[in-house]
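Below are some notes on side-chain packing and internal space, set out as numbered points. Please read them alongside the coordinates.

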Amino acid sequence: MDRIPHAALASAETLKLSELIGALSYALDITEGQPAGHCVRVCWIGMHIGRDAGMDSGQLWELYYTLLLKDLGCSSNAARICALYLTDDLHFKRDFKTVGDSLPQVLAFVLKHTGLKAGLAERFRSVLTILRDGPAIAQDLIATRCQRGAEIARLLRFPEPVAQGIYSLDEHFNGSGKPAKLAGEAIPLYARIALLAQVVDVFHTAGGRAAALAEVRARAGSWFDPALAAGFERVAADDAFWTMLDSAGIDATVFAMEPAGHAVDLDDDYLDDIAAAFGQVVDSKSPYTSGHSTRVALYTDMIAESLGLPAQRRRWLKRGALLHDVGKLGVSNSVLDKAGALDREEWAAVRQHAEFTETILSRIAVFAELGRIAGAHHERLDGGGYPRGLSGDQIDLETRIITTADIFDAITAERPYRGAIPVPQALEMMEKTVGSALDARCFAALKDAVARAGL
């Protein structure tokens, strides 16, 4: 099907930055193993605390995006968590957010989450390593996450206070946090609010209003700025605050909370930068996917050029290619990086990433068509693909292009179970699937593009 999707031509003027970043924050939620909408709820909580603290409009705007993007670096330590703890990084991260500073809590967490599916000897070695090197391991994991999150915030063109707020998310008011052991007001204000709001949402989701309030009171003065904790107590006295926190309409409410007077022009260049930045979040999840989204976007554009697609259509499609694997943020690295064959449950988890991609992108009204195109990149012409088992003309040309680019990169890049395969051999392998998995025109365009690029 060669039609140009209507959404491809939609004006960026119909899209607000708050809606775009808010929708993409759902990808960060699944990487942290959090219930959908975690970052949006944290934004609702944190903005109320910021208003109570008397922040001006400019500060509130920076706080707003610090809250939505607090977990930007979350994918960067997932592979290392799996390797060190021999565990599922998603469950690990989810449960770690409930752990305090007490030694019994930390020890219980380590024993409960380390090597549960590993052999006894392997688990024993892993637990000993963590107990021996725990502080250094935790420092490394959090520093990696904080640094990467700040870097991506800058790629997204947010001002330095936002990047610093994200970098310092895990600092504690009493100086016991990480990565720099900052204390008191040396911790950026946005970070102090974000940590407080994060804990409120985690404990409210798990145990309700009383549990959230109890945790704030227990950590005030240690993890939390006492003045901000007192401010939250004032916010929490309003029943309407909690009603909205549980409401299905919280997305629209939070997206409308973006402080006025700070309009950002979402032109094509900025949309390209946002897609590229979130592509880096995806690629940071595994050492075996480093650069994958960028390369798939490049190959997609080369194929589209060879097919003679118009420049604007190619640009739109390249964004879809950059984001085609955003759903992989919801798949554990224990599966993504597994060197051996996947079992049925693991394979089902991998297949689910395509649905996650479509769901996340479809949260953005003008990206709905792009979400459908990108989410279908594992469909096959013969109907043997996923997630819907589409076949033949049910699969758009744009999807066929991304599929061809994705397979080409998958074969020519190193994987956990094999080394990289040379380009000529990769093309020979792909040619055998033309007509069943691959579109003949797209494959011919790939060969033409590869020849012209001298690959």
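How do the residues of the lining of the second largest cavity divide into nonpolar, polar and charged?

1. They divide into 4 nonpolar, 2 polar and 4 charged. The model is a predicted one, and that applies to every point here. The lining of the second largest cavity is made up of Glu379, Arg380, Leu381, Ile395, Arg400, Thr403, Thr404, Ala437, Leu438 and Asp439. The space inside comes to about 50 Å³.

2. The count of cavities of 30 Å³ or more is 2. The largest holds about 60 Å³ of space. Its lining consists of Val282, Asp283, Lys285, Thr289, His292, Ser293, Asp325, Lys328, Leu329 and Leu336. By class, the lining of the largest cavity has 3 nonpolar, 3 polar and 4 charged residues. Helices α13 (268–283) and α14 each contribute at least two residues to this lining.

3. Aromatic contacts come next. The structure has 13 aromatic pairs. One of them joins Trp223 and Phe224, with 6.5 Å from centre to centre and 85° between the planes, an edge-to-face arrangement. Trp223 and Phe224 are both buried.

4. A second pair is formed by Tyr299 and Phe408, with ring centres 4.9 Å apart. The planes of Tyr299 and Phe408 meet at 75°, and edge-to-face requires over 60 degrees, so this pair is edge-to-face as well. The pair links distant parts of the chain, since Tyr299 belongs to helix α14 (residues 292–306) and Phe408 to helix α19 (residues 397–412), with the two positions 109 residues apart.

5. Is each partner of that pair buried or exposed? Tyr299 has a relative accessibility of 12% and therefore counts as buried, the limit being under 20%. Phe408 has a relative accessibility of 1%, so Phe408 counts as buried too.

6. Ring pairs also connect Trp44, Phe232, Phe241 and Trp242 into a cluster.

7. Two arginines are placed over aromatic rings. The charged end of Arg219 sits over the ring of Trp223, at 4.1 Å from the ring centre. Trp223 is also the partner of Phe224 in the edge-to-face pair described above. Arg363 lies over the face of Tyr26, 3.6 Å from the centre of that ring.

8. Where does Asp170 lie? Asp170 is in the loop between α8 (160–167) and α9 (189–219). With a relative accessibility of 16%, Asp170 counts as buried because the limit is under 20%. Leaving aside residues up to four places away in sequence, Asp170 touches Ile142, Arg145, Cys146, Gly177 and Lys178.

9. Thr399 is part of helix α19, the helix that also holds Phe408. The relative accessible area of Thr399 is 2%, so this residue is buried. Which residues does Thr399 touch, not counting those up to four places away in sequence? The contacts are Arg372, Ile373, Ala376 and His377.

10. Helix α14 appears in two of the points above. This helix supplies at least two residues of the lining of the largest cavity, and Tyr299 in α14 pairs with Phe408 in α19. A reader checking the model could look at these places together with the lining residues His292 and Ser293.

How values were computed: Residues numbered from 1 in each chain as written. Predicted model: local features only at pLDDT ≥ 70, side-chain atom pairs only at ≥ 80, totals over all residues. Heavy atoms only, no water. Phe/Tyr/Trp six-rings, centres within 6.5 Å; stacked < 30°, edge-to-face > 60°. Buried < 20%, exposed > 50% of the residue type's maximum accessible area, 1.4 Å probe, protein only. Helix = DSSP H or I, 4+ residues; strand = E, 2+ residues; numbered from the N terminus. Lys NZ or Arg CZ within 6 Å of the ring centre and 35° of its normal. Contact = heavy atoms within 4.5 Å. 1 Å grid on protein atoms, 1.4 Å probe; cavity = no way out; pocket = protein on both sides within 12 Å on 5 of 7 lines; lining within 4 Å. Points joined across faces, edges and corners; volume = space filled by probe spheres on them. Nonpolar A, V, L, I, M, F, W, Y, C, P; charged D, E, K, R; others polar.
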